[in-house]
Amino acid sequence: MDGRICVVTGATSGIGREIARALAAAGDHVAVVCRDRGRGEAVAAELDAAAGRPAASVHLADLSRQADVRRVAGELLVRCPRIDVLVNNAGVVNLAHATTDDGIETVFATNHLAYFLLTLLLLPRLRASAPARIVNVASEAHRFGRLDLDDLGQAGSYRAMRVYGTSKLSNILFTYELARRLEGSGVTVNCLHPGAVATGLGHNNGRWAILATRLLAPFFRTPRQGADTAIWLASAPEAAGEHGRYFVRRRAKRTSRPTYDRALAARLWDVSAALCRVDPSVA
């Protein structure tokens, strides 16, 4: 594998696909992490053809399932002699309460715990590959979130936007806490808001969600526009020194007050480690 090695989750559609395209075009090798083999192979073939070289590899995982996260992390550690960039992008929105095979509310499991677990499992390789970068796709929806560590499932009063916002709030708390733990390591971590983007996010909720997305599409940013800040954080020389910050359209921005609560971030870290059955002191 020549050039940098970049792991991108959710890389077969939307902003993840645009991130993968841009990194491959810049000379990087992209490890495409996705659920569907056919779509993954189609994206990898596209990246290879555009680059005129083997530019991508496909790694299958349903990131809502911790067993899959562990398996794909092990596969990546075997196949990637180094990892220069990790982009945590895959996510879901659910209109109704659901749980994963691990018994965890699906949005929190996919949007936060998958980021947390995959990052920690790959962290030794990222440290060994320093300078390296971690980019977490969050959202301005974090401002709608309300993190109750005693009721992460929110089954009693499930509101789709609040649940999604809580998962994005968790992304930011995780980013800030990880940044503190990685200080001086040569591994940077940042998060971002991609904007309201016309992607497939939420299409798992049925035809009405799909119809609403199509009706609103003219008011959304394109996936390429939404991917721009993530690409910049993952690859731009001028972003190399950025660490522990939240970006909107390449500009650092303050997040909601709870994201700066260090005690809350530390508690979320410990709860996440317990749910994922990992050592909380690994980072």
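In the predicted model, Q66 belongs to helix α3, which spans residues 66–79. Q66 is buried, its relative accessible area being 5% and therefore under the 20% limit. Beyond its neighbours within four places in sequence, Q66 is in contact with D102, I104, L113 and L117, and also with L275, C276 and R277.

A160 offers a second buried position within a helix, here α5 (residues 160–182). Its relative accessible area is 18%, and A160 therefore falls under the 20% limit for a buried residue. When neighbours within four places in sequence are set aside, the contacts of A160 are N94 and L95. A distance of 29 Å separates the C-alpha atoms of A160 and R71, two residues that lie 89 residues apart along the chain.

Helix α5 also packs against helix α4. The axes of α4 and α5 come within 8 Å and cross at roughly 20 degrees. Since angles under 35 degrees count as roughly parallel, α4 and α5 are roughly parallel to each other. The crossing of α4 past α5 is right-handed. On the α4 side, the contact is made by V107, F108, N111, H112, Y115, F116, T119, L120, L123 and R127. These residues meet V163, Y164, S167, K168, S170, N171, F174, L178, R181 and L182 of α5. Sorted by class, the contact between α4 and α5 contains 11 nonpolar, 6 polar and 3 charged residues.

A further helix pair is formed by α1 (residues 14–25) and α2 (residues 37–51), whose axes come within 10 Å and cross at roughly 30 degrees. Because this angle is under 35 degrees, α1 is roughly parallel to α2. Helix α1 passes α2 in a right-handed crossing. R17, A20, R21 and A24 of α1 make the contact with V43, E46, L47 and A51 of α2. By class, this contact has 5 nonpolar and 3 charged residues, with no polar ones.

In soluble globular proteins, nonpolar side chains tend to be buried together. The largest nonpolar core of the model holds 79 residues, of which L47, I134 and L178 touch the most other members. Helix α4 (residues 106–128) supplies the largest share of this core, namely 12 residues. Another core, of 6 residues, lies apart from the largest one and includes A138, Y176, C191 and V248. As for I134, its contacts outside the neighbours within four places in sequence are L86, N88, T119, L123, L126, L178, L182, V187, T188, V189 and N190.

Backbone geometry was examined next. Most residues other than glycine have a negative phi, and most peptide bonds are trans. A cis peptide bond, with omega of about 5 degrees, joins A130 and P131. P131 is placed in the loop between α4 and β5 (132–137). Positive phi values occur at R249, where phi is near 50 degrees, and at R250, where phi is about 70 degrees; neither R249 nor R250 is a glycine. R249 is found in the loop between β7 (246–248) and β8 (251–252), and R250 likewise has its place between β7 and β8. With a relative accessibility of 55%, which is over 50%, R249 counts as exposed. R250, at 37%, lies between the limits of 20% and 50% and therefore counts as partly exposed.

Key:
Residues are numbered from 1 along each chain as its sequence is written. This is a predicted model: local features need pLDDT of at least 70, side-chain atom pairs count only at pLDDT 80 or more; totals for chains, interfaces and linings use all residues. Side-chain values use heavy atoms; hydrogens and water are left out. A nonpolar core is a set of buried Ala, Val, Leu, Ile, Met, Phe, Trp, Tyr and Cys residues joined through side-chain atoms within 4.5 Å. Buried means under 20% relative accessible area, exposed over 50%, partly exposed in between (1.4 Å probe, protein chains only). Helices (H or I, at least four residues) and strands (E, at least two) are DSSP runs, numbered from the N terminus. Contact means heavy atoms within 4.5 Å. Axes are lines fitted to C-alpha atoms, for helices over the stretch in contact, and angles run from 0 to 180 degrees between N-to-C directions. Angles under 35 degrees count as roughly parallel, over 145 as roughly antiparallel, 65 to 115 as roughly perpendicular and the rest as oblique. A crossing is left-handed if the near helix is turned anticlockwise from the far one by less than a right angle, and right-handed if clockwise. Ala, Val, Leu, Ile, Met, Phe, Trp, Tyr, Cys and Pro count as nonpolar, Asp, Glu, Lys and Arg as charged, and the others, Gly among them, as polar.
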